[in-house]
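Reader: I would like to learn how to read a few side-chain features in a model. Could we take them one at a time?

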Amino acid sequence: MTKKSNLLIFILTIGVFGILNTEMGVIGILPSIAEHFHVSISKAGWLVSLFALVVAVSGPTMPLLFSGINRKKVMLLVLGVFVLGNIVSIFTSNFTILLIARIIPAFLHPIYCSLAFTVAAASVSKENAPQAVSKVFIGVSAGMVVGVPIASFIASSVSFEMAMAFFAIVNAIVFIATLLFVPSMPVKERLSSGAQLSVLKKSITWLSIMTVILLNSAVFGVYSYFAEYLKTVTNMSSNTISLMLFIFGGANIIGNIVAGRLLTKNANKFVASFPFVLGIIYILLFSFGQFTFPMAFITLIWGILGGIGGNINQYWIISAAPEAPDFANGLFLSACNIGTTIGAAVGGLFISEMGTQYVVLVGILSLILSLVTILLRNYMYSPGKQLSI
């Protein structure tokens with residue numbers, strides 16, 4: 001990779017971190033928001049659930065609408081809206097305005113993320129594309145996991161406003177870096193909306209979407225309740241739980257680096273083996289959940305697999321529709337959000353009916369179903385016919 005492509009990928013990684021940080025970092029300050037705006041914790045939770053819902057809905061459509069515009073201009077527009085939304089969040093005292101200041105950027109969230117993956121892949125050779133994308137994924141992992149404890153720490157040590165300012169500052173830094181260092185990227189050949197939508201006519205696209213929904217459900221259906229699991233099953237203190245969440249997040253980043261290398265070799269076999277490996281970890285999680293030291297080791301391996309899973313999801317959809325990368329990345333973001341929503345809902349059902357320990361069942365069931373869709377795709381589209389990235 002050249003110095004130019006490395007700098008571009010670095011800016012995209014920080015950009016994705018800023019966007020995901022704005023989405024997920026709020027989880028760490030929900031109690032502060034509830035107190036600050038005098039609303040219930042469940043009402044404050046709308047800031048997370050409505051954001052995710054908007055991303056799921058706008059995932060395939062928004063990248064399609066903006067696919068013909070200069071990519072640098074689109075990135076600056078999205079980052080600018082995020083900075084403005086964050087600034088409004090700092091100064092407003094009205095919860096409804098806070099909600100609106102979150103929802104408007106959420107519509108643009110899929111545009112930046114899908115562009116970041118597409119531009120990173122296009123900035124290097126085809127062989128190095130999975131590795132370039134895996135570097136951008138480090139920003140996704142960091143935004144989803146590291147942003148939560150950082151925002152929580154700032155809110156408890158200084159104030160809620162300063163935590164919101166942290167989101168604004170990260171996005172503003174990326175805005176300036178994009179303005180100064182990212183070259184103009186006009187779209188040379190704009191694919192018509194019809195050409196991009198035509199990928200939905202292919203069964204490989206739908207098999208891939210189903211796989212991503214199931215794999216994301218397998219990881220986040222269980223991870224959504226991980227803190228609760230550590231509290232009730234493992235009997236850990238809140239400080240130890242925070243440490244375990246940090247371990248998971250750090251391991252996620254390791255998983256991104258590993259996945260980039262493994263996906264450049266024999267991707268189909270690698271993807272087919274993933275449900276088996278994660279399934280073994282869930283059986284261990286169920287069997288040794290009450291023991292602290294085994295749980296620390298299991299969390300580390302699970303975190304690495306979680307990072308690998310995110311890369312597999314993006315690769316699986318983009319390799320099914322390489323002719324429409326922006327639209328495919330939008331489909332990937334939607335499928336991930338749908339998977340997370342379904343997984344969390346089913347996981348909650350298992351907990352309420354059987355107890356916290358049984359939340360691993362949503363992971364195991366999702367993995368069994370995902371294996372069916374993976375093997376079906378590998379059988380129908382053998383390596384000879386397989387579209388390369």
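**Cysteines, rings and a buried threonine**

Author: Start with a cysteine. Cys336 counts as buried, at 12% relative accessibility. Keep in mind that this model is predicted.

Reader: How many disulfides does the structure hold?

Author: A disulfide needs two cysteine sulfur atoms within 2.5 Å. Here the count is zero.

Reader: Why is Cys113 in no bond with the closest cysteine sulfur?

Author: Distance is the reason. The closest cysteine sulfur belongs to Cys336 and is 11 Å from that of Cys113, so the gap is too far for a bond. Seen from the other side, Cys336 is in no disulfide, and its nearest cysteine sulfur is that of Cys113. Cys113 is buried as well, with a relative accessible area of 2%.

Reader: Now the rings. How many aromatic pairs are there?

Author: Ring centres must lie within 6.5 Å to pair. By that rule there are 17 aromatic pairs. Take Phe226 and Phe248. Their centres are 6.4 Å apart and their planes meet at 50°, so this pair is tilted.

Reader: Where do Phe226 and Phe248 lie?

Author: Phe226 is in helix α12, residues 226–232. Phe248 is in helix α13, residues 238–262. The two are 22 residues apart in sequence, so the pair ties together separate parts of the chain. Both residues are buried.

Reader: What is the geometry of the pair formed by Tyr282 and Trp302?

Author: Planes over 60 degrees apart count as edge-to-face. Tyr282 and Trp302 have 75° between their planes and 5.7 Å centre to centre, which makes them edge-to-face. This pair also links distant parts of the chain, 20 residues apart. Tyr282 sits in helix α14 (residues 267–288), and Trp302 in helix α15 (residues 292–318).

Reader: Are Tyr282 and Trp302 buried or exposed?

Author: Tyr282 is buried, and Trp302 is too.

Reader: Which residues form one aromatic cluster?

Author: Phe220, Tyr223, Phe226, Phe248, Tyr282 and Trp302. Both pairs we discussed have their residues in this cluster.

Reader: Which charged end sits over the ring of Trp316?

Author: That of Arg377. It is 3.7 Å from the ring centre.

Reader: Last, a threonine. Where does Thr178 lie, and what is it in contact with?

Author: Thr178 lies in helix α9, residues 160–181. Its relative accessible area is 0%, so Thr178 is buried. Set aside neighbours within four places in sequence. Thr178 is then in contact with Ile11, Lys72, Met75, Leu76 and Leu79.

Terms used
Residues are numbered from 1 along each chain as its sequence is written. This is a predicted model: local features need pLDDT of at least 70, side-chain atom pairs count only at pLDDT 80 or more; totals for chains, interfaces and linings use all residues. Side-chain values use heavy atoms; hydrogens and water are left out. Buried means under 20% relative accessible area, exposed over 50%, partly exposed in between (1.4 Å probe, protein chains only). Rings of Phe, Tyr and Trp (its six-membered ring) pair if their centres lie within 6.5 Å; planes under 30 degrees apart count as stacked, over 60 as edge-to-face and the rest as tilted. Helices (H or I, at least four residues) and strands (E, at least two) are DSSP runs, numbered from the N terminus. A charge sits over a ring if NZ of Lys or CZ of Arg is within 6 Å of the ring centre and within 35 degrees of the ring normal. Contact means heavy atoms within 4.5 Å.
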